[in-house]
Amino acid sequence: MSELVKVQVTVNGTRYEHTVEPRMLLVDFIRHELGLTGTHVGCEHGVCGTCTILLDGKPVRSCLLFAPQANGHEIRTIEGLGTMDNLHPIQEAFREAHGLQCGFCTPGVIMSVLPFVEQNANPTEEEVREALDGNLCRCTGYQNIVQAVQLASEMVASRKAEAR
Amino acid sequence: MKPAPFDYYAPASVDEALDILSEKGYDIKVLAGGQSLVPSMNFRLAQPPALLDLNNIPDLAYIKPAPDGGVVIGAMTRDSDVEHNPMVAERFPVILQAMPFIAHPQIRNRGTFGGAIAHADPAGHLPAVTLALNARYHIRSKNGDRWVGCDEFFLGPFTTAMEPDELLVEVEIPALPARTGTSYHQMARQAGAQALVGVAAVVTLDPGERVAAARIALLSVGETPVLAGRAAASLAGKLLTPETIEAAAEAAATVDTDPGGDIHCSPEYRRHLIRVLVAKSLEEAGERARGKRG
Amino acid sequence: MAGKYLGQRLKRNEDPRLLTGQALFVDDVQLPGMLHAAFLRSDYAHAWIKSIDPSAARQHPGVVAVYTAADLGKIWKPGPLNVPPPSGIPGVVFNQRTQVPMAKDKVRHQGEAVAVVIAESRYIAEDAAAEIVVDYEPLEAVIDLEKALGEGSPLLYEDLGTNLASFVHQENGSYAEAAARADLIVKTHIVMERGTAAALENRGYVASWDNKSQSLTMWATTQGPIALRNGLATILGLSEHQIRVIAPFVGGGFGPKILLYQPEEIVVSWASLQLGRPVKWIEDRQENFGDTSQERRQIHEAEMALTRDGKILGVKDVFIHDTGAYNSYALTIPLNTQTHTTGPYKVANYLTEYRVVFTNRILVTPLRGAGRTYGTFVMERLMDKAAKRLGMDRTEIRRMNMIQPDEFPYKTGIVGQDFAKNVLDSGNYPAALDKAKEMIGYEAFLKEEQPRLRAEGKHVGLGISFFTEGSGVGPYEGARITVEASGKVNLSTGVGTQGQGHFTSFAQVAAEQLGVDPKNIFVTTGDTEAFHWGAGTFASRGATVAGSAVNAAALLVRQKILKMASKILEAPEEELELADGMVRVADIPSRCISLAELAVKANPSRGAVEPGTEPGLEATAYFGPPYGATAYGCCAMIVEVDPDTFNARIQRLVMAHDCGTVLNPMILEGQIHGGVGLGLGNSFFEKLEMDDNGQLQNASFMDYLIPRASDLPPIEIAHLHTPSPLNPLGIKGVGEAGAIPIPPAFVQAVEDALPEYNLEISEAPLSPNRLFQIVQAAKQA
């Protein structure tokens, strides 16, 4: 066992400080140290996208970072979006379009495309499929995920317009 | 799939990093973006006793113009930052053309330009692209620094000319001459999957539209990124016609390379892909050279 | 039979939890004092174990225990069969060899468990597992199916004296007689390859033995929680009521999670009993490629006898089926192949025969499609070949041989996975063919579009394939429905759920009978404490069998409600209606009582009740069909092949599909989309590359590719509705539909895109590399 290191990190606006082995994968840190189990583990080699989170606003694989690498950084996970009673528009869109079945890959899919949805009010189907290529889903054939992302883009854009 | 234990060093400066490297040498592995290293650690294929994490060194992430019209890219610049940089796009569109093939955006948000080159994966896109662009690599150690040209850098699979106490700090890509066109093509089984073959071509034409210089770099065809020298030489002083292009593609597939097979690709199919993709890249680079730079 | 709730496109009840990260999956279970297991697995496919030395691992700091087969004592024995061999087929050979908890003397596939480390963390457990020393004596591996049955092949089971696991012969009519009078006989040799389910959630178990209550709680990624509980009780020597199995949210099943008595289930629960602490094991992706069951490797020699005008006289199909190192799931898959080969067609003379072979690979159990896929591939390839030889349109030859709507129920005479002689219950096959042709624009594409594209140098082809999906098999499922004093409704059933939307579709079924908003119906699936009778989620039977049980239970509760309300409201039952959580007299809406009030009255706390009164507005009911309902459909697609790279892309895909009554069209379409995704994988990507030594060459998602978003086309679906007569709601299953017709349609389209080579493709998957090789061979021929 190697020397333990201190990890200070802000997740969904809350500051945490934990001391862990440096080899602890960030996804294990988020899930088992912080108890935020909405982020899932699918392959642990960076290919499936299930563990995707936002690190300083950008989607990254949390299975390909060690926990200490998040020290001093800001993380956003699925738990940082809406609540069960008050879904975020992207979550609402996934529900509306039936963009999930078993729901296991869903948090990673949503965190992957959240910045895309925020930046693209009216993406084409091809653009959406490209944006989804970094995430595997075995249930949906992607069809309704594509529709959910298109709907989410519209919903986010119209919320922005309302807010103006 | 959990990594074996290691000691962790995360220096805040290059000097500090070089001190640690000189002390640990073979017993420490540099962690850049980690998008190739961490998977192999999770599979326990790599079990380095210690990691030197460069991610806390802000000084290594930059893209700046070189005086001659080229660019200098800091080793820890994220792939996605290179991908979205207007100067890179303007001066070296071939980098932009290759970027989307590097895994997926989530990987490019973390993976680094220098890390990919130092990793020297024969199937890596950036080693081949920088090889085609005739880049040179700036290497530092505690005892000084040196520049290594791309033709001397890649020695074997995952093996470079760097010593264990050396660190790749930046990559310099020289300006492209006038009437130069570039192109990048690859075949992979799906978006983000490893390329079965990839080709980066840089073609400079003389005022009479004859080939003044050409660099054709291939990936996934050998133990290192491969510069197709005979293919390029076959074009010297010639117009780019379907016939000269076909001859160059044939040279690339039969003289410059002797590709092996793997589960996705038989040697014959790989040879076929080299022909097809070299031809396509030369054709496109030629068109672009006739039109404008890049 | 769409109703107020039934058949409506309702949003799913379970989604808010899944979308906010609040749904419990097995790996989310955290218990105080929980330990973590890591298995040491064999690198060899076939070897004697000479010795295992776990002493260094036992000394490793943080390690609580290390167990090998020798430590398991009397629980070490081959597990029970999941499924018995079929009754009712004469001459069946079945050599039973089931999985063991950990290998003792011999390992029979790469990835087989030989030891387990239980430690304070998974990280430590993996460190220590690497310190276990195993001395193996490697043996030649049995990988090639044909060689495995040959003289002198090494044997997986020396005592058996053969690698033959099974032999089954069935014949309806006489193929020999049909062949003798045929004008044309077409033959084909088909190879389909092994893939893996690759659910995004790997398997996992958390077992927690509580000494004070003398009970074991087990969270498991299983499709069959009740059967798992019952099996574990027998294996561990406990009462069934000492074990509670919970299948919480499960991240995709697709078949392999129905397999019971898997080594890790037994070892993890046993270890918790030994140690008195909770133990968790979560399979990682690398393990999944070597320890979770797989499917789809068969080699067929098939032929079809026809008249010169295209009428099928007979079909003969002789095949070899790879079962891997064990045959715990008996013959479900090859029986499905036998019953699905003739599919929608009238084949009066049908001979089907197979040998099942033990090989040094992980065992084979059903995977979405489950044997139907190969049968369909074989038959559709024969149809294509016959059409070409006879110069007929490929859809015409199919149509003229189809079972007609007035010919149901249609008996094929072949025994299937439920051991009943196969009967196709209902349908309108020609209508589905017409619909698919219309959707893809069959005539216009072939006559106008394709010639125009060819002139532009584009290689674009059309593929069309028909299929049937036997679904909704027995034995039975059950459900219990309770109207609570709050007016909310509780519904529990024994099947587990892996994303099929049961929390919504079952609620819709109950809501229709009870007049309650489905949002107020709380569905529990997969918890043996909530319901403890049932078989599980497999063979596309959840909606059909459990859905019918829910309907039956809801009807009983409805009767109780009406009976009580009739007395209280002083109105005959026929005049009452149930809506909005109330019972009302139809013409006088002010005369009403809420279900909540009725529920309170149905459970009096003091006073007397009439003798024989059952408390509560509650009922339990069961449903079991006489045999399975058969859904069907027709898939058509347009595929473009890049003549330079031999890469193929599906540009459009349509599916005309009939699964009878639809509970929720949104969920139904999702099932088809997902099936198509797997079907594309089986057509193009998914092959586990095994070398001759039994070493898997692509045990990662980097090398074993599954479809991504840009690999799939938009999928257009049309629904036909022929209700099944086999259950009151008229439901047929849909879970596997999408996966079945894609490979034959795909290879047909590829052939059609490259007419200049006159290709005959008889394999799946078809990679660009293979297509290149096939084209090269055709050029040379």
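**Reading two interfaces and a strand**

Colleague: How many salt bridges are there between chain B and chain C?

Modeller: A salt bridge is a side-chain nitrogen of Lys or Arg within 4 Å of a carboxyl oxygen of Asp or Glu, and between chain B and chain C the count is two. In one salt bridge, the side chains of Glu126(C) and Arg44(B) meet at 3.9 Å, N to O. This is a predicted model, in which local features need pLDDT of at least 70 and side-chain atom pairs count only at pLDDT 80 or more, while totals for chains, interfaces and linings use all residues. Residues are numbered from 1 along each chain as its sequence is written, chains are lettered from A and ligands numbered from 1 in the order in which they are written, and side-chain values use heavy atoms, with hydrogens and water left out.

Colleague: How many residues does each of these chains bring to the contact, and what area is buried between them?

Modeller: Contact means heavy atoms within 4.5 Å, and here chain B brings 23 residues and chain C brings 31. Buried area is the accessible area (1.4 Å probe) that two parts lose on being put together, summed over both; for chain B and chain C this is about 2400 Å², with 57% from carbon and sulfur atoms. On the chain B side, Arg189(B), Gln190(B) and Ile263(B) lose the most area to chain C, together giving 30% of what that side buries.

Colleague: What are the same two values for chain A and chain C?

Modeller: There the contact takes 53 residues from chain A and 54 from chain C, and the buried area is about 4500 Å², of which carbon and sulfur atoms give 56%. Arg95(A), His98(A) and Arg138(A) supply 19% of the area that chain A buries against chain C, more than any other three residues. Six salt bridges are found across this interface, including that of Asp28(C) with Arg31(A), whose closest N and O atoms are 2.9 Å apart.

Colleague: Which residues of strand 26 of chain C lie on its covered face, and which on the uncovered one?

Modeller: In a regular strand the side chains alternate between the two faces of the sheet. Strands are DSSP runs (E, at least two residues), numbered from the N terminus. In strand 26 (residues 617–623) of chain C, Leu617(C), Ala619(C), Ala621(C) and Phe623(C) form the covered face, whereas Glu618(C), Thr620(C) and Tyr622(C) form the uncovered one. Two strands pair if DSSP finds at least two bridges between them, and strand 20 (residues 477–483) of chain C pairs with strand 26 of chain C in the antiparallel sense over seven bridges. Within strand 26 of chain C, Ala621(C) is the residue that stands opposite Ala479(C).

How values were computed. Buried < 20%, exposed > 50% of the residue type's maximum accessible area, 1.4 Å probe, protein only. Helix = DSSP H or I, 4+ residues; strand = E, 2+ residues; numbered from the N terminus.
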